Amino acid sequence: MTQRPGGKKPHFRDKVLRCCDCGREFTFTAGEQVYFHSKSLSEPKRCKPCRQRRRTTLVPDHNRQDTFRRYSANQGSEKVGR
């Protein structure tokens, strides 16, 4: 990103970045930079495949019906819930 004189909108150019997970180079396109800038996001550290892989390991799958047992001190009994 280059800042134009007079406080005008920044001009974005494609950048080549290195993924912190797999070490491969990937292109952070000007269009992606505009989006990231508009959302006040920092530039990505991971390539798209590594971001997707990381996202699937961090975000719980809400379609799975995992249950856990919890003792309710108020009720004095076990409850099954999400």
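Is Glu-43 buried, exposed or partly exposed? Glu-43 counts as partly exposed, at 37% relative accessibility. The cut-offs are under 20% relative accessible area for buried and over 50% for exposed, with partly exposed in between (1.4 Å probe, protein chains only).

The model is predicted: local features need pLDDT of at least 70, side-chain atom pairs count only at pLDDT 80 or more, and totals for chains, interfaces and linings use all residues. Residues are numbered from 1 along each chain as its sequence is written, and side-chain values use heavy atoms, without hydrogens and water.

**Exercise 1. Lay out the fold.**
Task: state the number of helices and strands, and their order.

Solution.
- Step 1. Take helices (H or I, at least four residues) and strands (E, at least two) as DSSP runs, numbered from the N terminus.
- Step 2. Count them: the protein has 2 helices and 4 strands.
- Step 3. Read along the sequence: the pattern is β-β-α-α-β-β.
- Step 4. Check burial: of the 82 residues, 16% are buried.

**Exercise 2. Find the core.**
Task: list the members of the largest nonpolar core, then trace the contacts of Cys-50.

Solution.
- Step 1. Apply the rule: a nonpolar core is a set of buried Ala, Val, Leu, Ile, Met, Phe, Trp, Tyr and Cys residues joined through side-chain atoms within 4.5 Å.
- Step 2. Collect the members of the largest one: Leu-17, Cys-19, Phe-26, Phe-28, Phe-36, Cys-47 and Cys-50, 7 residues.
- Step 3. Follow Cys-50, using contact as heavy atoms within 4.5 Å. Beyond its neighbours within four places in sequence, Cys-50 touches Cys-19, Asp-21 and Cys-22.

**Exercise 3. Classify the ring pairs.**
Task: find the aromatic pairs and give the geometry of each.

Solution.
- Step 1. Set the rule. Rings of Phe, Tyr and Trp (its six-membered ring) pair if their centres lie within 6.5 Å; planes under 30 degrees apart are stacked, over 60 edge-to-face, and the rest tilted.
- Step 2. Count: there are 2 aromatic pairs.
- Step 3. Take Phe-28 and Phe-36: 5.1 Å centre to centre, 80° between the planes, edge-to-face.
- Step 4. Take Tyr-35 and Phe-36: the centres are 6.2 Å apart and the planes stand at 75°, so this pair is edge-to-face.
- Step 5. Join them: ring pairs link Phe-28, Tyr-35 and Phe-36 into a cluster.
- Step 6. Add burial. Phe-28 is buried at 4% relative accessible area, and Phe-36 is buried at 15%. Tyr-35 is partly exposed at 46%.

**Exercise 4. Work through the salt bridges.**
Task: count the salt bridges, then place some of the partners in the fold.

Solution.
- Step 1. Set the rule: a side-chain nitrogen of Lys or Arg within 4 Å of a carboxyl oxygen of Asp or Glu.
- Step 2. Count: there are 4 salt bridges.
- Step 3. Take Lys-15 and Glu-43, which meet at 2.8 Å, N to O. This pair links distant parts of the chain, 28 residues apart: Lys-15 lies in strand 1 (residues 15-18), Glu-43 in the loop between helix 1 (30-38) and helix 2 (48-58). Lys-15 is partly exposed, at 29% relative accessible area.
- Step 4. Take Lys-48 and Glu-32, which meet at 3.1 Å, N to O. Lys-48 sits in helix 2 and Glu-32 in helix 1, 16 residues apart. Lys-48 is partly exposed at 48%, whereas Glu-32 is buried at 19%.
- Step 5. Take Glu-25 and Arg-18, which form a salt bridge at 3.1 Å, N to O. Both Glu-25 and Arg-18 are exposed.
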